[in-house]
Amino acid sequence: METRSPQERIIWLLGLIVVIFYALFPVLWIISLSLKTPATVTVKPDEGFWGTLVPSDATFKNYEALFKDGLDGPFLKPLINSIGIALIATLIAIVLASFAAYAIARLEFPGKTLVLGGALAIAMFPPISTVGPLFDMWRSLGLYDTWPGLIIPYLSFSLPLAIYTLVAFFREIPWDLEQAAQVDGATPFQAFRKVIVPLATPGMFTAAILVFIFAWNDFLFAISLTSSDASRTVPAALAFFTGDSQFTQPFANIAAAAVIVTIPIIVFVLIFQRRIVAGLTSGAVKG
Amino acid sequence: MSEITLDKITKRFPDGTEAVKQLDLDIEDGEFLILVGPSGCGKSTALRMIAGLEDISDGELRIGEDVVNGKAPKDRDIAMVFQNYALYPHMTVRENMAFPLKMAKVDQETIDHQVEEAAKILDLTEHLDRKPSNLSGGQRQRVAMGRAIVREPKAFLMDEPLSNLDAKLRVQMRAEVSRIQNRLETTTVYVTHDQTEAMTLGDRVAVMRKGELQQVGSPQELYERPVNLFVAGFIGSPSMNFMPVELSGRTAKLPFCEVEITEAMAQGLESHSAGSLMVGVRPEHFEDAKLVGDQPGPTFEVEVSILESMGSELYIYFDMDAEVRAEQLDELAADVGSESTAEEGQVVARLDATSEARRGERLELWMDPEKLHFFDLDSGERIAPAGEG
């Protein structure tokens with residue numbers, strides 16, 4: 001890396017601070033909000049900006065309230081739905097996307113560009129325009145308000161992205177490696193599983209994170225294709241939170257729920273970040 | 001261990017180009033055969049067809065008694081060393097070498113034994129638990145060799161295995177490859193574009209050009225009796241000098257001297273309905289006239305335009321007032337010409353180091369009249385002297 005002059009460093013540092021503040025301030029605000037009592041949530045005390053940010057009467061009541069009634073409560077069942085649906089969608093997407101991406105990266109087959117183009121078209125298709133037909137179809141197919149009812153649309157919208165990511169990774173892996181494996185006695189599938197997959201893990205985790213976040217954050221399908229806690233995910237469930245009376249919005253509870261749903265994403269990224277090690281292929285071929 | 005037979009093997013690509021044309025080769029059990037030729041001559045494609053990594057468009061490939069055209073690489077029981085080694089980067093050296101055995105479902109005890117054994121042969125024992133990325137180029141190359149030899153396959157296929165090493169290491173590994181092959185006596189097909197490797201390593205060398213086999217023979221055969229201009233120019237370093245020649249009776253008139261040809265050569269040329277001829281002389285068949293004593297042969301004076309001293313020998317370059325044009329030579333020039341300092345119309349001569357040749361001065365040269373090679377200019381074929389076996 002080139003050395004930077006002190007001046008440049010200061011500019012970089014300032015830039016970093018601005019970006020971090022810009023990115024993390026809303027998070028900070030929502031954490032603050034989640035710790036407030038209903039009384040102070042909407043009231044603006046005369047303590048200035050920092051006084052508003054740091055609650056004077058911090059409490060975990062909002063969090064307790066979320067889990068109070070267990071599975072009958074407003075939050076726990078949707079949380080389980082969210083985790084389950086997002087994980088299953090991610091798993092299926094990665095398996096399917098690896099096969100598809102491998103074929104696209106390695107094989108010449110008729111209609112290859114069509115498949116890639118189609119995938120791209122699907123990814124750019126506005127989800128809102130599919131919601132209406134899906135609602136009708138899911139109702140008659142019995143998929144409405146079920147886990148598969150959400151997993152399927154999540155798959156179709158996240159697969160293109162996963163395929164594109166993985167194709168790029170597979171293309172980086174020298175073809176000689178699979179051929180070496182085949183000469184060494186591996187079937188094409190063994191070569192894929194024992195040589196290509198381990199080398200493409202960083203790519204798979206990248207794709208997995210993208211799919212998981214898409215499924216985890218989705219609100220549109222979740223609100224349109226569910227009607228009960230049987231399959232309602234957290235983003236949709238938040239809209240159904242009720243306040244103490246019909247005139248109070250449960251801001252603090254929503255904030256607490258928002259903080260909780262952020263945690264799995266952070267954990268997910270942190271775990272997989274370690275696996276996304278660059279340069280895993282170094283040393284395979286002459287460097 | 002097995003012999004490998006290529007019977008009119010052809011590789012045709014979907015766009016109709018033929019990379020390998022009707023290749024016939026019999027590789028004997030335990031033989032070390034080198035496939036050599038300039039880049040794009042189809043040698044690697046031929047090797048990959050033997051490995052099963054390329055489909056065979058036409059012809060029959062036999063390993064041992066079995067026709068293996070339709071067999072997957074894994075069922076052919078061959079091992080291959082790739083140009084870029086193709087080591088599995090996520091596995092240690094030990095795992096890399098054990099991979100073929102694991103695929104063959106050999107029990108763990110045998111695997112350990114075989115890997116240790118191969119590591120010992122290749123001097124890799126202390127590196128067994130390292131990853132390929134932590135190894136030097138030479139070590140990686142040895143791991144690739146190790147992965148090939150653990151399994152005791154029917155044949156080794158090597159695709160320019162040394163071309164990624166630096167010059168010194170290449171010479172070292174060349175000796176190593178030769179030693180291992182001698183020790184294991186496994187049929188080996190080795191592809192290279194380097195004629196030095198071809199000459200030093202192989203029991204037999206097969207020269208290819210544009211997908212066609214030109215000549216197969218021992219290195220000595222190729223050197224002494226090349227079938228055509230291409231082989232003559234490709235084998236030997238520096239390359240053979242080519243020049244136009246006019247024949248009157250038994251006197252051959254070269255651009256810089258006249259020479260009395262041998263009886264056998266004259267007979268050979270007689271039976272050839274002569275079109276235009278061309279003559280080839282290897283650099284080592286010139287000598288400083290002062291150093292040859294009274295050996296028969298023409299002497300002539302030239303002006304030394306370039307002089308390269310190798311310590312053990314001298315190379316001098318001199319101009320001749322003639323140009324040679326032949327399709328096969330142009331091809332050679334495009335591929336190997338860059339290795340030689342000689343420009344068009346220049347002749348290279350290798351002299352003894354004791355020669356007193358100086359740059360820019362005139363020098364009396366001698367030429368061995370028995371070592372002239374005559375070629376038909378149109379077909380490029382060599383015209384053999386009578387009685388040549």
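Trainee: A:Tyr102 and A:Phe192: are they buried or exposed?
Mentor: This is a predicted model, where local features need pLDDT of at least 70, side-chain atom pairs count only at pLDDT 80 or more, and totals for chains, interfaces and linings use all residues; side-chain values use heavy atoms, leaving out hydrogens and water. Residues are numbered from 1 along each chain as its sequence is written, while chains are lettered from A and ligands numbered from 1 in the order in which they are written. Buried means under 20% relative accessible area, exposed over 50%, partly exposed in between (1.4 Å probe, protein chains only). A:Tyr102 and A:Phe192 are both buried.

Trainee: How many aromatic pairs are found over all chains?
Mentor: Rings of Phe, Tyr and Trp (its six-membered ring) pair if their centres lie within 6.5 Å. Searching the whole structure over all chains gives an aromatic pair count of 25.

Trainee: What do we call the arrangement of A:Tyr102 and A:Phe192?
Mentor: Planes under 30 degrees apart count as stacked, over 60 as edge-to-face and the rest as tilted. The ring centres of A:Tyr102 and A:Phe192 are 4.6 Å apart. Their planes meet at 55 degrees, so the pair is tilted.

Trainee: How many residues apart in the chain are A:Tyr102 and A:Phe192?
Mentor: Helices here are DSSP runs (H or I, at least four residues), as are strands (E, at least two), numbered from the N terminus. A:Tyr102 is in helix 5 (residues 76-106) of chain A. A:Phe192 is in helix 10 (residues 188-217) of chain A. The pair links distant parts of the chain, and the separation is 90 residues.

Trainee: A:Phe157 and A:Phe221 also pair; how far apart in sequence are the parts they tie together?
Mentor: The two rings are tilted, 5.6 Å centre to centre with 40 degrees between the planes. A:Phe157 lies in helix 8 (residues 147-172) of chain A and A:Phe221 in helix 11 (residues 220-224) of chain A, so the parts are apart in sequence by 64 residues.

Trainee: What is the relative accessibility of A:Phe221?
Mentor: Start with its partner: A:Phe157 is at 11%, so A:Phe157 counts as buried. A:Phe221 counts as buried too, because its relative accessibility is 0%.

Trainee: Where do domain 1 and domain 2 of chain A lie in the sequence?
Mentor: Domain bounds come from an automatic or database domain assignment. Domain 1 of chain A is 1-59, and domain 2 is 60-286.

Trainee: Which three residues supply 52% of the area that domain 1 of chain A buries against domain 2 of chain A?
Mentor: Buried area is the accessible area (1.4 Å probe) that two parts lose on being put together, summed over both. The two domains of chain A bury about 800 Å² between them, 70% of it on carbon and sulfur atoms. On the domain 1 side, more than any other three residues comes from A:Ile30, A:Ser34 and A:Thr59.

Trainee: How many salt bridges does the rule find across the interface of those domains of chain A?
Mentor: A salt bridge needs a side-chain nitrogen of Lys or Arg within 4 Å of a carboxyl oxygen of Asp or Glu. Across the interface of domain 1 and domain 2 of chain A, the count is 0.

Trainee: How many helices and strands does chain B have?
Mentor: Take chain A beforehand: 13 helices and 0 strands. Chain B has 11 helices and 23 strands.
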